[in-house]
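Thanks, everyone. I have one structure to go through today, and I will keep to what was computed from the coordinates. Here it is.

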Amino acid sequence: EIFIQTDDANTGFVMVGENTSINAGSVGSRRGIKLDANQTLVLALSTFANIYLVGNTGTQYVNIAYFT
């Protein structure tokens, strides 16, 4: 499993998706799963190969943990 947690100090959000078509634009044009500050997403995957992240503003931080 892969755990992706957005940092609690983030002022924006992070979009998580499967390819480069993810988009952190305006409502209605966003693609992916939106994570606000201090939210966690658990993925039942065994590789990071096709996971993409994009923030809506400058610097957004994520914490990632991987368990086999």
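I'll start at the surface. Phe 48, Leu 53, Ile 64 and Tyr 66 make up a nonpolar surface patch, and their accessible area together is about 350 Å². Keep in mind that this is a predicted model.

Take one member of that patch, Tyr 66. Tyr 66 sits in strand S6, which covers residues 62-66. Is Tyr 66 buried, partly exposed or exposed? Its relative accessibility is 38%, so Tyr 66 counts as partly exposed; the class runs from 20% to 50%.

Tyr 66 also takes us to the start of the chain, since Tyr 66 is in contact with Glu 1. Which other residues does Glu 1 touch, once neighbours within four places in sequence are set aside? They are Val 42, Leu 43, Leu 45, Ala 65 and Phe 67. Glu 1 itself belongs to the segment before strand S1, and S1 spans 2-6. With 45% relative accessibility, Glu 1 is classed as partly exposed because that value also falls between the two cut-offs. There is one more pair to note here: Glu 1 and Ser 46 are separated by 45 residues in sequence, while their C-alpha atoms are 6.3 Å apart.

Now the strands. The chain has zero helices and six strands, so written from the N terminus the order of elements is simply β-β-β-β-β-β. Three of the strands form an open sheet, ordered S3-S2-S5, with antiparallel pairing. Why does the sheet leave one side of S3 and one side of S5 without a neighbour? Strand S3 (33-35) and strand S5 (52-55) are at the edges, and each has a single partner strand, so there is nothing in the sheet on the other side. Between neighbouring strands of this sheet the average turn is 25 degrees, with direction ignored.

Within the sheet, look at S2, residues 14-17. Three bridges connect S2 to S3, and the two run antiparallel. In that pairing, Val 16 is opposite Ile 33 of S3.

Last, the totals for the chain. How much of the chain is buried? Of its 68 residues, 25% are buried. The chain exposes about 4,400 Å², and 49% of that comes from carbon and sulfur atoms. As for contacts, among those between residues at least 6 apart in sequence, 70% join residues at least 24 apart.

That is what I have.

Technical notes: Residues numbered from 1 in each chain as written. Predicted model: local features only at pLDDT ≥ 70, side-chain atom pairs only at ≥ 80, totals over all residues. Heavy atoms only, no water. Helix = DSSP H or I, 4+ residues; strand = E, 2+ residues; numbered from the N terminus. Buried < 20%, exposed > 50% of the residue type's maximum accessible area, 1.4 Å probe, protein only. Contact = heavy atoms within 4.5 Å. Patch = residues over 30% accessible without salt bridge, like charges linked within 9 Å, V, L, I, M, F, W, Y side chains within 5 Å. Areas by Shrake-Rupley, 256 points an atom, 1.4 Å probe, with all protein chains shown as cover. Salt bridge = Lys/Arg side-chain N within 4 Å of Asp/Glu carboxyl O. Pairing = 2+ DSSP bridges. Axes fitted to C-alpha atoms, helices over the stretch in contact; angles between N-to-C directions.
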